[in-house]
Amino acid sequence: MKRSSEQFFKSSPLVIVAAALLLLMITGAVLGPVLSPWDGEAMDFEALEAPPSLSHWFGTDLVGRDLFVRTMQGARVSFLVAFIAVTVSLAIGIPWGAAAGLAGGRVDQLMMRIVDGLYCLPGILIVILLVVLFGRNPYLLFAALGAISWLTIARIVRGQTLRLRNAPFIEAARAMGLSTPYILRKHVIPNVIGPVIVYTTLAIPAVILAESFISFLGLGIAEPQTSWGVLVSDGTAAMESSPWMLLFPALCLGITVWSFNTLGDRLRDHLDRREHIN
Amino acid sequence: MTRYILKRLLFALVTLFVIITVVFFLLRLAPGGPFDGERRLPPEIEANLKAAYNLDAPLLLQYGRFMVNLAQGDLGPSFTQKDFDVNALIRAGLPVSLMLGLGALVCALLLGLSIGIVAGLKPGGLLDTLLMAVSNLNIAVPTIVAAPLMVLLFSVTLSWFPGGGADTWWHFVLPALALGLPLSAEIARIMRGGIAETSLEPFVKTAKAKGLKSPRIVFLHLLPAASIPLLSFLGPAMAGLLTGSVVAEQIFDLPGIGRYYVQGALNRDYTLVMGVTIVYSFAILSFNLLVDVAYGLIDPRIRVAQT
């Protein structure tokens, strides 16, 4: 496992770049608001709509709030959205896929048909409907985003379960009289964990993008709280007079999405290759 | 094959019915109603209005009436757009939304297929690395950033394209590009994988050994086999396009039906939201039906497995 992760980081310089950028972004989200002397909601009337400077690193917005602090607070929200939504999607998707794979036959057919049907629906539009109708509660938004993104993980887990259920080495382990928890721990989980990690890495940017999309429509996180989507949306409104308002939040959003996607892709290639060798 | 198509058709109809039912009850169960404006109506008048629009009947009865009207093709009056019924609003907006969607799909397919094929023919090569890097950037720049930037650059600064409205073909170029670009990147990635994998298949080796010219191999042998994973992506892609069009119509000021969706839901315009939802679901389901049929035609194994 350790050698494998070493190989993974050596496989391409892009992996190191993406991991470093992500680390930077997470550090910024955690430490950023603490490091800067400004408060996210305090307005600096000396510097309304000011370009980036030594005191305001990313400039200020229309009412003089420090954009560096707000962008980093937005990062916290975006990461939180991703964390909650992905957890929800794993909590639904893994049991669903495992149940379908284990049950097999007609039950499996029916469960996967439901997944197929939901797959074609514009999930985000349903989330929008929910948020509009039942109020702009951030936790409802997070949970709803999770509830629409469990389909892929259900498919993946079902596939793995089907494969493992009839795998000779599991049968051998059973024949040797090993206990079910032991088989799960030693054989099943290590085989399922790889694809689940890849999925998680690719699902996080998708959720972050979905949140920014909904916030852009004015339906996501409400003031004075902020997220990258809210900041980008404010930034586009002011992009002709003060481009920095768009530049920094959009850059942070783009870098994060790109890094997660790159890591996910490479991780998948890496696991595929290992499987081929095995 | 007929049995397979009929089965898929039935499945699509059931799905449509379920969607309509769920959205209907979701709308009615949500707090608020179409007549809670900023200025409250006197209770008597509100009661009269509700009676006129059948909103005072028991929920199940309302649902029944709605379904009966729907079966006759009548979506009912809009609660917020003056003097319009939902049919008229959709008839006016649908051509614009269709143009936008088709334009985006064509742009995504053209770009995505060519990038994917070129990159997949020599995986790991310089061109592949370059094209995939561009595609990854494409995915990382969301439409909500790309679209306003395009307006700023091409409409405001360079004035190559008109900024808003839907009067000529030119009005659709930027919106279709903005909507299609992220999709083209996804298509390119899938196509690249398909081409790279199929290139290793024995029948491609045979074709090469027979001395066929490379364009012939690519278009006649590689492309059909490599397109199968792409086909299954087109369903979700369609859903993504519709979602994106809600934002694109807003940014580019296109008079399509997408802008009614959010606004209608905010105003509790029950009939308008239902109308847009039905059109969207119908579009997605019929598209998926087409994809399924195409799937069955290309790959006989699927037909056999699912009947």
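Two residues are taken to be in contact if their C-beta atoms, placed from the backbone, lie within 7 Å. On that footing, 74% of the contacts in chain B with a separation of 6 or more link residues 24 or more positions apart. The model is a predicted one, and chain B is a handy place to start looking around.

Chain B is built from 13 helices and zero strands, so to speak an α-only run from the N terminus on. Its C-alpha trace spans about 85 × 55 × 30 Å along the principal axes. Of the 307 residues in chain B, 38% count as buried.

Helix H1(B) opens the chain's list of helices, covering residues 2-29. With 28 residues, H1(B) reaches 41 Å from its first C-alpha to its last, close to the 40 Å expected at 1.5 Å a residue. Its buried residues are Arg8(B), Ala12(B), Thr15(B), Ile19(B), Val23(B), Phe24(B) and Leu27(B). The cover over these buried residues draws on both chains: it includes helix H4 (105-119) and helix H5 (123-134) of chain A, along with helix H3 (59-71) and H12 of chain B.

That leads on to the meeting of the two chains. Here 27 residues of chain B are in contact with 28 residues of chain A. On the chain B side, H1 (2-29), H5 (126-140), H6 (143-157), H10 (228-251), H11 (258-266) and H12 (270-298) each supply at least two residues. H10(B) gives the most, with six residues. Sorted by class, this side of chain B has 22 nonpolar and five polar residues, and no charged ones.

Two of these helices also pack against each other. The axes of H11(B) and H12(B) come within 8 Å and cross at roughly 145 degrees, and the crossing is left-handed. H11(B) brings Tyr260(B), Tyr261(B), Gly264(B) and Ala265(B) to the contact, while H12(B) brings Leu272(B), Val273(B) and Val276(B). By class, that makes six nonpolar residues, one polar and no charged.

Then there is the largest nonpolar core, which holds 144 residues. The members that touch the most others are Val127(A), Ile128(A), Val131(A), Leu145(A), Val207(A), Ile214(A) and Val232(A). Even so, the largest share of this core, 14 residues, comes from helix H7 (residues 170-198) of chain B. As for Leu145(A), its contacts, leaving aside neighbours within four places in sequence, are Val81(A), Ala85(A), Val127(A), Val207(A), Ala210(A) and Glu211(A). Among them, Val127(A) and Val207(A) also appear in the list of core residues that touch the most other members.

Terms used
Residues numbered from 1 in each chain as written. Chains lettered and ligands numbered in written order. Predicted model: local features only at pLDDT ≥ 70, side-chain atom pairs only at ≥ 80, totals over all residues. Helix = DSSP H or I, 4+ residues; strand = E, 2+ residues; numbered from the N terminus. Nonpolar A, V, L, I, M, F, W, Y, C, P; charged D, E, K, R; others polar. Expected span 1.5 Å × (residues − 1). Buried ≥ 20, exposed ≤ 12 C-beta atoms within 10 Å, placed from the backbone. Core = buried A, V, L, I, M, F, W, Y, C linked by C-beta atoms within 7 Å. Axes fitted to C-alpha atoms, helices over the stretch in contact; angles between N-to-C directions. Left-handed = near helix turned anticlockwise from the far one by under 90°.
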